[in-house]
Amino acid sequence: MAIESVSVQCCIAGGGPAGRVLGLLLARAGVRVLVLEKHADFLRDVRGDPIHPSTLEVLHELDLLEAFLARPHERTPQVAAIFGGLELAVDDFAHLPTRCRYIAFIPQWEFLDFLARAAERFPTFELRMATAVTEIVEEAAGGGRSGARRWTCSGSGCRAARRTRRCRWAASRPAASSSC
Ligand SMILES: Cc1cc2nc3c(=O)[nH]c(=O)nc-3n(C[C@H](O)[C@H](O)[C@H](O)COP(=O)(O)OP(=O)(O)OC[C@H]3O[C@@H](n4cnc5c(N)ncnc54)[C@H](O)[C@@H]3O)c2cc1C
């Protein structure tokens, strides 16, 4: 099976919110980064839709808030619940010391797509979907010098090498229909 070699400074296993934001932050700092996500898409409900005020604040700090809010979403400044026919306010975000005092509801795949598009503005960022990291194997490298380690992963498809720490990853491409 053909193996493609890719050389990056950082390879991230998992293109969920954390992997994408980390990839974005690293690419923003000029680091060549490759994010590998095993799913081909996120068109399923594996996460919820609310984007909380604290997350919106982080988007503001990254200068991404305006673009994010341009995507279709719903705003909920207050959450209420009905107990025995009586409606009570459960959460009220009006007092928060943040820019957005509401929860923004947006489909999770929209949010993840937004993060990917924002990261792709940086030429050192790459996201590969349907690419699962299968294994990380540590090997001695550089003639066995102390501190030098080589990491490889069994599998096929794409192989990423992290040169700064003599690390390599490889990933297999599962069927696009794989589920979590
Ligand atoms: C049912 C549910 C509802 C939730 N609702 C909300 C909500 O409404 N609002 C909110 O803010 N938070 C919500 N959360 C929490 C939120 O989903 C998590 O905080 C967030 O997803 C964590 O992000 P992550 O990137 O660390 O992990 P994950 O979202 O788990 O992302 C990890 C990614 O890595 C990929 N992956 C795993 N193994 C491999 C591999 N070997 N190779 C390549 N890729 C791999 C996975 O496919 C996944 O995409 C909810 C969580 C759950 C479970």
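Okay, let's start with a pair of strands: β2 and β3, the latter covering residues 33-36, run parallel and are joined by four bridges. If you want one spot to click on, take Cys11, whose bridge partner in β3 is Leu34. Before I go on, keep in mind that this is a predicted model.

So where does that pair belong? β2 and β3 sit in an open sheet of three strands, ordered β2-β3-β9, with parallel pairing. At the edges you'll find β2, residues 10-13, and β9, residues 125-128, and each of those pairs on one side only. As for twist, neighbouring strands here are turned by 15° against each other on average, ignoring direction. A quick reminder for anyone new to this: strands of a sheet pair through backbone hydrogen bonds, and they can do that either parallel or antiparallel.

We'll get to the antiparallel kind in a moment, but helices next.

Which helix packs on this sheet? That's α1, which touches β2, β3 and β9. Its direction makes about 170° with that of β3.

Now, α1 has a helix partner too. The axes of α1 and α4, which is residues 108-120, come within 9 Å and cross at roughly 15°. An angle under 35 degrees counts as roughly parallel, so that's what we call α1 and α4. The crossing is left-handed. Who makes the contact? On the α1 side it's Pro17, Arg20, Val21, Gly23, Leu24 and Ala27, and on the α4 side Leu112, Leu115, Ala116, Ala118 and Ala119. Sort the residues of that contact by class and you get nine nonpolar, one polar and one charged.

Stay with α1, though, as we move over to the ligand. How many residues surround the ligand? The number is 19, and the closest are Gly14, Gly16, Ala18, Arg47 and Gly48. Two elements, α1 at 17-28 and β10 at 132-135, each supply at least two residues of that shell. The element giving the most is α1, with three residues. By class, the shell has eight nonpolar, seven polar and four charged residues.

Last stop, the antiparallel sheet I promised. This one is also open and has three strands, in the order β4-β8-β5, with antiparallel pairing. Its edge strands are β4, at 50-51, and β5, at 74-76, each pairing on one side only. Between β4 and β8, residues 103-105, there are two bridges. Look for Ile51 there: it stands opposite Ala104 in β8.

If you remember one element from today, make it α1: it packs on the parallel sheet, it crosses α4, and it gives the most to the shell around the ligand. That's me done, thanks!

Definitions and conventions:
Residues numbered from 1 in each chain as written. Predicted model: local features only at pLDDT ≥ 70, side-chain atom pairs only at ≥ 80, totals over all residues. Pairing = 2+ DSSP bridges. Near = placed C-beta within 6 Å. Nonpolar A, V, L, I, M, F, W, Y, C, P; charged D, E, K, R; others polar. Axes fitted to C-alpha atoms, helices over the stretch in contact; angles between N-to-C directions. Contact = placed C-beta atoms within 7 Å. Parallel < 35°, antiparallel > 145°, perpendicular 65-115°, else oblique. Left-handed = near helix turned anticlockwise from the far one by under 90°.
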